[in-house]
Amino acid sequence: MTNTNTGILIIGAGGVSRVATVKCAMNIDTFEKITLASRTISKCEAIRDEILKNQGVSIDVASVDADDVPALVSLIGQVKPRVVLNVALPYQDLTIMDACTQTGVDYVDTANYEHPDEAKFEYKEQWAKQEQFEKAGVKALLGSGFDPGVTGVFCAYAQQNLFDEINYIDIMDCNAGDHGYPFATNFNPEINLREVSANGRYWEKNDEGVGEWIETKPLEIRIDHDYPEVGVKPSYLLYHEELESLCKNIKGLKRIRFFMTFGDSYIQHMKCLENVGMLGIKEVEHKGQKIIPIEFLATLLPDPASLGPRTVGKTNIGCIITGIKDGKKKKVYIYNTCDHQECYKETGAQAVSYTTGVPAMIGTKMLYKGIWDGKGVFNIEEFDAKPFMDELMTQGLPWKILDLPTD
Ligand code: NDP
């Protein structure tokens with residue numbers, strides 16, 4: 001165990017935080033004490049009040065600007081948590097990591113660092129903190145949401161328990177939910193639209209056996225995939241951050257790709273907004289005021305945290321994994337299906353926040369209880385997947401394994 005502190009500090013109070021905090025409260029025997037801090041304290045207070053009413057658990061709240069390292073260090077110094085769970089935005093990853101090493105506390109997040117001025121997401125700057133974490137004697141668990149997160153755990157579980165060698169992975173992310181709006185995003189609009197409007201990319205070994213990144217135009221590659229319990233949905237190849245760590249950590253891999261479903265209405269709106277410049281991330285002048293188009297758009301769009309009551313339908317997210325077991329070709333689909341309304345009934349949030357917030361709580365639990373230990377910066381697939389898979393079964397994200405024909 002890294003330190004003698006007790007309790008956890010959760011930073012950020014959006015849709016994902018709501019689920020993670022409710023789930024931590026449901027696991028208060030493990031976490032002992034919960035403090036929720038964010039920029040807008042009224043959002044923390046609203047979550048606190050609901051948790052007291054629904055779970056009968058009392059949590060503390062605080063206000064903090066997570067871009068400000070000294071402010072974070074001071075808050076962590078007062079709260080003295082064993083683990084900090086970052087469910088603010090990816091822009092805050094580096095500052096919160098720095099505050100954790102300065103105070104000797106473990107760190108967990110759900111999305112890799114992005115610079116606000118550059119729509120480029122990669123692990124480089126977080127991996128560069130390896131020595132900093134080792135020296136501080138603490139650990140960072142990167143990407144403990146669903147994707148990244150559970151998808152990495154599914155791959156690690158397959159590597160550790162189902163295959164002798166894994167050759168191909170396709171991560172399939174289907175949200176077949178309907179919120180009734182012509183256009184809305186299911187998590188932070190700025191982060192979501194930056195991800196979807198970027199070029200696609202996947203990793204493949206060339207004829208010389210050297211892994212290389214193949215770039216595609218945004219939404220250029222489409223397949224129609226049949227998702228169990230959901231049906232056939234158009235799925236588009238995107239770059240997604242877990243590809244960067246999985247291509248290093250899964251042995252024998254020849255190709256890894258990521259697909260996400262989008263309806264026609266979403267794509268038409270997004271392309272139109274892009275064509276008129278509303279997805280821009282550089283400042284423009286409007287009537288003497290500087291505004292960033294995508295930030296203004298996020299102000300206009302429905303708050304993802306408000307979609308819970310009106311979203312119906314299911315999500316199905318998983319990994320199609322092909323490889324070798326006992327000298328024979330083997331192919332499986334490991335997946336979870338979630339129902340938006342059931343998630344809402346339990347936590348007050350729709351399934352996209354739910355499928356992220358539950359694994360954020362489980363990853364935090366793995367560190368809190370010392371089940372996953374070590375010093376440094378880790379991606380989720382570097383740990384023993386079994387205890388995490390067991391928790392998924394009992395904490396609301398049960399998974400299944402389908403054997404697929406190897407053709
Ligand atoms: P929201 O926008 O709903 O919430 C973000 C929260 O962070 C808000 O409460 C916001 O405060 C707070 N925040 C932002 N900046 C600061 C700051 N400087 N200091 C303190 N608090 C701040 O986002 P989501 O809940 O939808 O997403 C949360 C995270 O989860 C994101 O990083 C997202 O990328 C990640 N995610 C990961 C997924 C996965 O599967 N791995 C899937 C979906 C999301 P305020 O209310 O004042 O704006």
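**Notebook: helix α3, sheets and cores**

I began with helix α3 and looked up its cover: α1 (15-26), β2 and β3 are among the elements that lie over its buried residues. I note here that the model is a predicted one.

**Entry 1, helix α3.** I looked up where the helix sits. Helix α3 covers residues 41-54 and lies across β2 (34-38) and β3, and its direction makes about 170 degrees with β3. I then checked its span. From first C-alpha to last, the 14 residues of α3 reach 20 Å, close to the 20 Å expected at 1.5 Å a residue. Which residues of α3 are buried? I found Cys44, Ile47 and Ile51. Viewed down the axis of α3, the buried residues fall within an arc of 65 degrees, so they line one face of the helix. Just after α3 I noted Gly56, with a positive phi of about 70 degrees.

**Entry 2, the parallel sheet.** I traced the strand order next. The sheet is open and has seven strands, ordered β3-β2-β1-β4-β5-β8-β19, with parallel pairing. Its edges are β3 (60-63) and β19 (376-379), each of which pairs on one side only. Neighbouring strands of the sheet are turned against each other by 20 degrees on average, with direction ignored. I looked at one pair inside the order: β5 (residues 106-109) and β8 (residues 139-142) run parallel and are joined by two bridges. In that pair, Tyr107 stands opposite Ala140 of β8.

**Entry 3, antiparallel strands.** I moved on to β10. Strand β10 (residues 200-205) pairs with β11 in the antiparallel sense, over six bridges. Arg201 stands opposite Glu215 in β11. The two strands, β10 and β11, make a hairpin with five residues between them. Gly209 lies in the turn and has a positive phi of about 80 degrees. I also checked for pairing with β14. Strand β14 (residues 255-261) runs antiparallel to β10 and is joined to β10 by two bridges. The bridge partner of Trp203 in β14 is Ile256.

**Entry 4, nonpolar cores.** I looked up the largest nonpolar core. The largest core holds 90 residues, and Ile169 and Ile321 have the most contacts inside it. Which element gives the largest share of this core? It is α14, with nine residues. I listed the contacts of Ile321, leaving out residues up to four places away in sequence; they include Phe154, Cys155, Ala158, Phe163, Ile166, Tyr168 and Ile169, and also Lys330, Lys331, Val332 and Ile334. Apart from this core lies another, of 24 residues, and I noted Leu9, Ala66, Tyr107 and Val377 among them.

**Entry 5, Thr322.** I checked Thr322, which is in strand β17 (residues 314-325). Is Thr322 buried or exposed? The relative accessible area of Thr322 is 11%, under the 20% cut-off, so I entered Thr322 as buried. Not counting residues up to four places away in sequence, Thr322 touches Phe163, Ile166, Asn167, Tyr168, Lys329, Lys330 and Lys331.

**Entry 6, Val352.** I looked up Val352 in helix α14 (residues 351-368). Val352 has a relative accessible area of 15% and is buried. Leaving aside neighbours within four places in sequence, Val352 is in contact with Asn175, Asn186, Phe187 and His340. I also took the distance to Thr315: Val352 and Thr315 are 37 residues apart in sequence, and their C-alpha atoms are 7.8 Å apart in space.

**Entry 7, backbone points.** I went through some backbone angles last. Where is Pro148? I found Pro148 in the loop between β8 and α8 (150-162). The peptide bond that joins Asp147 and Pro148 is cis, with omega about 10 degrees.

Glu32 is not a glycine, yet has a positive phi of about 65 degrees. I placed Glu32 in the loop between α2 (28-31) and β2. With a relative accessible area of 45%, Glu32 is partly exposed.

Leu219 is another residue other than glycine with a positive phi, near 55 degrees. Leu219 lies in the loop between β11 (211-216) and β12 (222-227). At 9% relative accessibility, I entered Leu219 as buried.

Conventions
Residues numbered from 1 in each chain as written. Predicted model: local features only at pLDDT ≥ 70, side-chain atom pairs only at ≥ 80, totals over all residues. Heavy atoms only, no water. Pairing = 2+ DSSP bridges. Helix = DSSP H or I, 4+ residues; strand = E, 2+ residues; numbered from the N terminus. Axes fitted to C-alpha atoms, helices over the stretch in contact; angles between N-to-C directions. Contact = heavy atoms within 4.5 Å. Expected span 1.5 Å × (residues − 1). Buried < 20%, exposed > 50% of the residue type's maximum accessible area, 1.4 Å probe, protein only. Arc of directions from axis to C-beta. Core = buried A, V, L, I, M, F, W, Y, C linked by side-chain atoms within 4.5 Å.
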